[in-house]
Amino acid sequence: MTTATPTETQLIEPHGGRLIDRWATNPVGLADSALALPRITLTERQLSDAYLIAQGAFSPLEGFLASEDYRSVRDEMRLASGSAWSIPVTLAVDEATASLLREGEDAALVAQDGGIAGTIAVAELFTYDKQAEAERVFRTQEEAHPGVAGLYGQGPVLVGGRITMLPGTPPLDPDALPFYETPAQTRAALAARGWRSIVGFQTRNPVHRAHEYIQKAAMEITDGLLLHPLVGATKSDDIPADVRMRCYQALLEHYYPQDRVHLSVYPAFMRYAGPREAIFHALVRKNYGCSHFIVGRDHAGVGSYYGTYDAQHIFREFEPQELGITPLYFENSFFCNACGAMASAKTCPHGEESRVSLSGTQVRDMLSRRETPPPEFTRPEVARVLMDAYAED
């Protein structure tokens, strides 16, 4: 258990009341004993989840879900204890690996390079219905959905149990490493600034003018912004993490007050679970110290699988005290030529012909044609970073 320093008590409590710590207290002893255990070789995504559990980003989870918690999360968006949790965090293995494991005994968690990453106390081995999980979590059984494809591609047996990890860093782009912090480190940094109310912003794309607009609107009612880009695995056509990090730095340098923004990375992979992932992202940011969380248009969406504002509607399925973090809802924003400013449908009376709004696909197409995105959509400094990156391809 991580004990808060006096300055950290001003921040919101982690989900479940405490920040989970599943790091080995005797790393050498654990590494030595793990050599004699049956092995579970983790995928990059499973390794990422294991590290995030160990450092408390997924508090109150202490390991991968056993069957009671798994089914409760899948069907009710709550752990068996009743605590809100919207995404099953599971460890799937193939049948050959499962045959080597025994309930009540430990197994070694091994990285792709063969190195020992930690251990799991195997509490349960169980099979599961992939189609049922796909339908409930992703709202579709179509394998064209990247989250569903990942689910269908994993092993048929789930391993539930508490984990203990050797000190390490989740898989992430080397360019993002200088901005990597554990939840405890982020909470300490936010507390050191004297902030009490912090709004978190999740992104897997460069921040454009619409993002900037809603972030600054949220900053008007909070002490500061945690800009927390996801830098784990995303779709192959998403902009690479190193390019995104350069965009964030350029934007913050020129257009944000330095004493009111904290940039840190979230080393997780995208599940593309839309509404359910919006809840998940909010709870995780609560563990990093955020009291508020921005939920905009099509949060964590992909294709046309979710309604434009389904990620906002799902928050109504929980009582505010269940989540313990305040969602801030924003409409789709754009630059209006008639208003001469950023706006949304709530504040702008003009028609579509006056609005400058581009999709991520349109921007990537422009960049591939070496066309500079317009200043109404993105700041010139950010556009230059993107243009330079695409010119290198």
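Which residue in S11 is the bridge partner of Gly200? In this predicted model, Gly200 has Phe293 as its bridge partner in S11. The bridge belongs to the pairing of S8 with S11, which is parallel and extends over two bridges.

These two strands are part of an open sheet of five strands, arranged in the order S10-S9-S8-S11-S12 with parallel pairing. The edges are taken by strand S10 (261-263) and strand S12 (326-329); each has a single partner strand, so one side of each is left without a neighbour in the sheet. On average, and with direction ignored, neighbouring strands of this sheet are turned by 25° against each other.

On the other side of the S11 pairing, strand S11 (residues 292-295) is joined to S12 by four bridges, and the two strands run parallel. Within this pairing, Val295 stands opposite Tyr329 in S12, and Ile294 stands opposite Leu328 in S12. Strand S11 is covered on both faces. His292 and Ile294 are buried on one side, and Phe293 and Val295 are buried on the other. Phe293, the bridge partner of Gly200, is thus one of the buried residues of S11.Two helices pack on this sheet. Helix H8 (residues 209-219) touches strand S8 (198-203), strand S9 (224-229), S10, S11 and S12. The direction of H8 makes about 165° with that of S8. Helix H10 (residues 275-287) touches S8, S9 and S11, and its direction makes about 155° with that of S11. Helix H8 is mostly covered, with eight of its 11 residues buried. The buried residues of H8 are Arg209, Ala210, His211, Glu212, Ile214, Gln215, Ala218 and Met219.

A further open sheet consists of three strands in the order S14-S13-S15, with antiparallel pairing. Strand S14 (341-344) and strand S15 (355-356) are its edge strands, and each pairs on one side only. Strand S13 (residues 333-336) and S14 run antiparallel and are joined by four bridges. Cys336 has Ala341 as its bridge partner in S14.

Aromatic contacts were examined next. The count of aromatic pairs comes to eight. One of them is formed by Trp23 and Tyr51, with a centre-to-centre distance of 6.1 Å and an angle of 40° between the planes. This pair is classed as tilted. Trp23 lies in the segment before helix H1 (27-34), whereas Tyr51 lies in helix H2 (residues 44-54), so the pair ties together parts that are 28 residues apart in sequence. The relative accessibility of Trp23 is 23%, and this residue therefore counts as partly exposed, the lower limit for that class being 20%. Tyr51, with a relative accessible area of 9%, is buried.

Tyr70 and Tyr128 form an aromatic pair that is edge-to-face, with 6.1 Å centre to centre and 80° between the planes. Tyr70 lies in helix H3 (residues 67-76), and Tyr128 lies in the loop between strand S6 (124-127) and helix H5 (130-138), so this pair ties together parts that are 58 residues apart in sequence. Both Tyr70 and Tyr128 are buried. In addition to these pairs, Phe58, Trp85 and Phe280 form one aromatic cluster.

Tyr70 also takes part in the contact between H3 and H5. The residues that meet there are Tyr70, Arg74 and Asp75 in H3 and Ala132, Glu133 and Arg136 in H5. The axes of the two helices, H3 and H5, come within 8 Å and cross at roughly 45°. H3 and H5 are therefore oblique to each other.

Charged side chains over aromatic rings were also identified. The charged end of Lys216 sits over the ring of Tyr256, 4.7 Å from the ring centre. The charged end of Arg285 sits over the ring of Tyr266, at 4.3 Å from the centre of that ring.

Conventions:
Residues numbered from 1 in each chain as written. Predicted model: local features only at pLDDT ≥ 70, side-chain atom pairs only at ≥ 80, totals over all residues. Heavy atoms only, no water. Pairing = 2+ DSSP bridges. Axes fitted to C-alpha atoms, helices over the stretch in contact; angles between N-to-C directions. Contact = heavy atoms within 4.5 Å. Phe/Tyr/Trp six-rings, centres within 6.5 Å; stacked < 30°, edge-to-face > 60°. Buried < 20%, exposed > 50% of the residue type's maximum accessible area, 1.4 Å probe, protein only. Lys NZ or Arg CZ within 6 Å of the ring centre and 35° of its normal. Parallel < 35°, antiparallel > 145°, perpendicular 65-115°, else oblique.
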